[in-house]
Amino acid sequence: MSTAIAGPSSSEKVLVPGVKDDSSFPLSEDALDHSDDGLRNPEDASHDSEANSVPIQAIEEQTTKPMQNRVELEDRPKVVPPPGSGHRIYQIDPLLNNYREHLDYRFAQYKKTRELIDKYEGGLEAFSRGYEKMGFNRSAAGIAYREWAPGAKGASLIGDFNNWNPNADVMTKNDFGVWEIFLPNNADGSPPIPHGSRVKIHMDTISGPKDAIPAWIKFAVQAPGEIPYNGIYYDPPPEDTYEFKYPRPKQPKSLRIYEAHVGMSSTEPKINTYVEFRDDVLPRVKDLGYNAVQLMAIQEHAYYASFGYHVTNFFAASSRCGTPDDLKSLIDRAHELGLIVLMDIVHSHASNNVLDGLNMFDGTDSHYFHSGSRGYHWMWDSRLFNYGHWEVLRFLISNARWWLEEYKFDGFRFDGVTSMMYTHHGLQVEFTGNYAEYFGFSTDVDAVVYLMLVNDMIHGLFPQAITIGEDVSGMPTFSLPVQDGGVGFDYRLHMALADKWIELLSEKKDEDWQMGDIVFTLSNRRWSEKCVVYAESHDQALVGDKTIAFWLMDKDMYDFMSLDQPATPAIDRGIALHKMIRLVTMGLGGEGYLNFMGNEFGHPEWIDFPRGDQHLPSGKFILGNNNSFDKCRRRFDLGNAEFLRYHGMQEFDKAMHHLEEKYGVVLDSDETKFGGFARIDHNARFYTSEGWYDDRPHSFLVYAPCRTAVVYSLTDD
């Protein structure tokens, strides 16, 4: 376990990193006055000796306006509610008393960090607005740019605006490792950096000279024919800036998530756009009955085939699919349709890309990350954040706030949380449910404290926001409120069920399936912690794996899905079990349900990102796919085609999500419109009998043909 954050003494004054105390930046009269809530920085932000600390000194300064579409401070909550006692978890789960020393230490570290943030940063609300200080910020007088890079020996701002001259706009470094420069407006009053122009920071580092994309950049683009990305100064004029029109929907009681990747959401072999997804896919999601869409690969990532999980630019919306304003219009349209929009956010690791990302940003490997092996994920080939460092906390917490504030996302699915919470990252470890596996020296308390802080900020400032954590370990307290001693997520992403279905489909005959075992797996979760469940997600759709439909029907899917010819036994069995698996998973598995786009109708193709041949340093040759997009799309046309059996599977999924709107026999997987054989009489009525059966006081008998799933509801007649 880690040690505490050490803050400055009470007699010390504090300063926003990178802002001089001589008020050397010219400010306009209409610049916002934040002098009483300025972002401040404790003297020792790190829990580890490897990290660079940022000293503190006094400041009185006005903050410049952010670039666009900013919600006025008067409309925002001013503070995040103070921490609670953290003791309610012991009432909820008395077994936790055996690990009280660890849990009390964890909560004490969280509480101490909150106190330091309150004392030196003006509170978590102000701390989470780091993007108003760092990176590019424009005022009426000009543009300020600040970058935390303590390992750099020299820095200058370069770009199209100064012909990439490293001697033109040299930055100054304060005592805290922050480089800064202010560029006044041109003589005609125009901004010194035009909207849409390319920018980078040039640094002299111990590793040699380096041109890097600013860490807080809001947009980055790869020019045609070029390998590296360029940072883009994104500040469109008011007439080109998207204005939100529709309020956020309220948090639904029953969360039904449509997991989607914008780039591969076209039926054509191409990269789809935010605008096309807005116009073509969102109405489909609404029609199917889902009430939330979860967008993958939003944060900029240089490597498309990483599925968006190797992030290079954390504050930038992926430019492959359009502009930031295009993405805003997508989210606003979803809100108009009553759909919640969740973002698949990656704070568990970062791309090891040195050219475009944070890796070796200032020439050192311990800038944003742990140094050495602790800062490298050997399976993901990526860098691991040092959550004990103050500036890393500022960067990541502000990043979450940015997406909620600027783009109006309604919450997050946090990726790779298991990797964050344990120093072994969940690799080569089998979690058995023994509490000692969760609360010991293998737990990264710094990371858990970060998760508590970011959940605190999100739920404090955005009470309707939803947070889902991807955790395979089953850590107790994961989905309990922070003030009660929990980690603070609203839901855990229940990952074990998909593995159970694959186990049954790949290893056992139908007659060997044990319903008790299936029901136990579906219901094996803590009663007080909500879960989002899925039968399959994007993981099972990737090349090298198999979707449930492919496990069930295999190659027959290519030749026998047309209604104008007889089905094979594999097709009949596959369609029947595909519907049953999804229904029982949604019905028993959790408080929320997730489906990856296309899987609702048994999409017949896997996902294979465009890639060329690879010759690895080891001499191994990996055959590519000629950079083809053919398998990197979703064939929604198959689900819509009424002459194909895919349509019946899609219609069943649609009916499943509209159960709450019906009465009587509300769903029958054997209906002909769902590809079934109509063996259930919907006019029949069933009456309960007195007497205990399966530990229940009442029961009724039904006709249940093989491989069918029927939902019965209480009727008034």
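How much space lies in the second largest pocket? Here are some friendly notes to help you find your way around this predicted model.

1. Let me start with that question. The second largest pocket holds about 960 Å³ of space. It has 29 lining residues, and those closest to its centre are M515, M580, V584, T708 and A709.

2. Several elements share in the lining of the second largest pocket. Helices α10 (515–523) and α13 (569–588), together with strands β26 (689–693) and β28 (710–712), each supply at least two residues. The element that gives the most is α13, with seven residues. Sorted by class, the lining of this pocket has 22 nonpolar residues, five polar ones and two charged ones.

3. Now look at the largest pocket, where the space comes to about 1,300 Å³. Its lining takes in 42 residues, and S306, Y309, W380, D539 and L542 are the ones that lie nearest the centre.

4. Which helix supplies the largest share of the lining of the largest pocket? That is α11, with three residues. At least two residues each come from α7 (417–421), α9 (496–507) and α11 (538–541). The lining of the largest pocket is made up of 17 nonpolar, 16 polar and nine charged residues.

5. Helix α13, which you met at the second largest pocket, also packs with helix α15 (residues 645–657), and their axes come within 11 Å and cross at roughly 15°. An angle under 35 degrees counts as roughly parallel, so that is how α13 and α15 run relative to each other. Their crossing is right-handed.

6. If you would like to trace the contact between these two helices, pick out I571, I575, H578, K579, R582, L583 and M586 on α13, which meet R645, M649, F652, D653, M656 and H657 on α15. By class, the contact of α13 with α15 has seven nonpolar, two polar and four charged residues.

7. Another helix pair to visit is α2 (residues 100–121) with α8 (residues 445–461). The axes of these helices come within 10 Å, with a crossing angle of roughly 55°, which means that α2 is oblique to α8. The crossing of α2 past α8 is right-handed.

8. Which residues make the contact of α2 with α8? From α2 come H102, Y105, R106, F107, Q109, Y110, T113, R114 and I117, while α8 brings V445, V448, V449, M452, L453 and D456. Nine of the residues in the contact of α2 with α8 are nonpolar, three are polar and three are charged.

Definitions and conventions:
Residues are numbered from 1 along each chain as its sequence is written. This is a predicted model: local features need pLDDT of at least 70, side-chain atom pairs count only at pLDDT 80 or more; totals for chains, interfaces and linings use all residues. Side-chain values use heavy atoms; hydrogens and water are left out. On a 1 Å grid over the protein atoms alone, a cavity is a set of points where a 1.4 Å probe fits but cannot get out, and a pocket is an open set with protein on both sides within 12 Å along at least five of seven lines; lining residues have an atom within 4 Å of a point. Grid points are joined across faces, edges and corners, and a volume is the space filled by probe spheres set on the points. Helices (H or I, at least four residues) and strands (E, at least two) are DSSP runs, numbered from the N terminus. Ala, Val, Leu, Ile, Met, Phe, Trp, Tyr, Cys and Pro count as nonpolar, Asp, Glu, Lys and Arg as charged, and the others, Gly among them, as polar. Axes are lines fitted to C-alpha atoms, for helices over the stretch in contact, and angles run from 0 to 180 degrees between N-to-C directions. Angles under 35 degrees count as roughly parallel, over 145 as roughly antiparallel, 65 to 115 as roughly perpendicular and the rest as oblique. A crossing is left-handed if the near helix is turned anticlockwise from the far one by less than a right angle, and right-handed if clockwise. Contact means heavy atoms within 4.5 Å.
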